[in-house]
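Please open the model in a viewer and keep the sequence panel visible. The tour below proceeds by selection, and each stop names what to select and what is found there.

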Amino acid sequence: LLVSVLALAKTYTVGTSADFPPFEYIENGQFVGFDMDLIREIAKIAGFEVKFVDMSFDSLIPALRAGQIDIAIAGMTITEERKQVVDFSIPYWTADQSVIVKADSNLSITVLFGKYRIGVQTGTTGDLWCTEELVKKGILPEKNLKRYDTFVLALTDLLNGNIDAIVLDSPVANRFAATKPVKIVGIIVTGEQYGIAVKKGNTDLLKAINEALKVLQETGKLAELIDKYF
Ligand code: ARG
């Protein structure tokens, strides 16, 4: 019976942008990280299988809307704008934005306020913040805001001296500061919350995800995952 039940289990395609440790990254060709384990645990409880696809962060919402993926989990902040076009689970994480520079640099948070080149991942809340608060207010020339498909590319450019700073989510900045020659010079308190996104109106799947999230909270499994990655 178990075998036949498993054979019937539906497979959902899960989109992510695997450049965001410790939430999602690739190690030995595998999708690993907090989000990857989280959705695997949710799938176990809800009784579906997952298949991961990696894409640029700004492709995730269009892919959901087009039905190319069923679920997006990518440290994705729940925003009013995104809520117009996709549905989000209950929040599972809270983060701010951080500013990182090369470890041997003597730049400070004022790196944001002038002639320096700032890197962001296209379409992220870091991109949005820099666009709204710096570029549109005339603090940072548009040409000094460099948008990247992935944080891996932004980090490479930072280390090569092609940009001077990166604005990114604080937990990921912390991880980069601990593992790469970069340091944090400032925090922008945004208090954003991460959610798992599904196509608008996919209420059955959303309900299953939310229920599983609650089970993971109550059983302590979520705390276990946090311990594993943070
Ligand atoms: N939390 C930010 C946002 O939603 C950044 C997420 C980037 N995620 C990623 N996997 N690269 O815009």
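How many residues of domain 1 are in contact with residues of domain 2? Eleven residues of domain 1 touch 13 residues of domain 2 in this predicted model. On the side of domain 1 that touches domain 2, the residues divide into four nonpolar, five polar and two charged.

**The two domains**

To view this arrangement, select residues 2–92 together with 195–229 and colour them as domain 1. Then select residues 95–192 and give domain 2 another colour. Domain 1 is thus made of two segments of the chain, 2–92 and 195–229. A line drawn from the C-alpha centre of domain 1 to that of domain 2 would be 26 Å long.

**The ligand**

Next, select the ligand and display the residues around it. Where does the ligand lie with respect to the two domains? It lies between them, because domain 1 and domain 2 both give residues to the shell around it. This shell holds 14 residues, and the closest are S17, F20, A74, T77 and T124. By character, the shell divides into five nonpolar, six polar and three charged residues.

**The whole chain**

Now clear the selection and show the chain as a cartoon. Nine helices and 13 strands can be traced in it. The radius of gyration of the chain is 18 Å, close to the 17 Å that the globule rule gives for 230 residues, so the chain is as compact as a globular protein of that length. Its C-alpha trace spans about 65 × 35 × 30 Å along the principal axes.

**A three-stranded sheet**

Select residues 19–32, where the next stop is found. Which strands form the open sheet, and in what order? Three strands build it in the order β2-β3-β4, with antiparallel pairing. The edge strands are β2 (19–20) and β4 (30–32), each of which pairs on one side only. Between β2 and β3 (residues 24–27) there are two bridges in the antiparallel sense. To see a bridge pair, select D19 and its partner Y25 in β3. As background, the strands of a sheet pair through backbone hydrogen bonds, either parallel or antiparallel.

**Two loops**

Two further selections show details of the backbone. Select P21 and P22: the peptide bond from P21 to P22 is cis, with omega near 5°. P22 belongs to the loop between β2 and β3. Then select N28 in the loop between β3 and β4. N28 is not a glycine, yet it has a positive phi of about 50°.

**Annotated spans**

Finally, two spans from the UniProt record may be highlighted. For residues 11–229, an unreviewed UniProt entry gives the feature "domain: Ionotropic glutamate receptor C-terminal". That span is 36% helix and 30% strand, and its end C-alpha atoms lie 26 Å apart. UniProt also lists residues 11–230 as "domain: Solute-binding protein family 3/N-terminal", again from an unreviewed entry. Over residues 11–230 the chain is 36% helix and 30% strand, with 29 Å between the end C-alpha atoms.

Notes:
Residues numbered from 1 in each chain as written. Predicted model: local features only at pLDDT ≥ 70, side-chain atom pairs only at ≥ 80, totals over all residues. Near = placed C-beta within 6 Å. Nonpolar A, V, L, I, M, F, W, Y, C, P; charged D, E, K, R; others polar. Domains from an automatic or database assignment. UniProt positions renumbered as here; feature names shortened; annotations may be inferred. Helix = DSSP H or I, 4+ residues; strand = E, 2+ residues; numbered from the N terminus. Pairing = 2+ DSSP bridges. Contact = placed C-beta atoms within 7 Å. Rg over C-alpha atoms; globule rule 2.2 N^0.38 Å.
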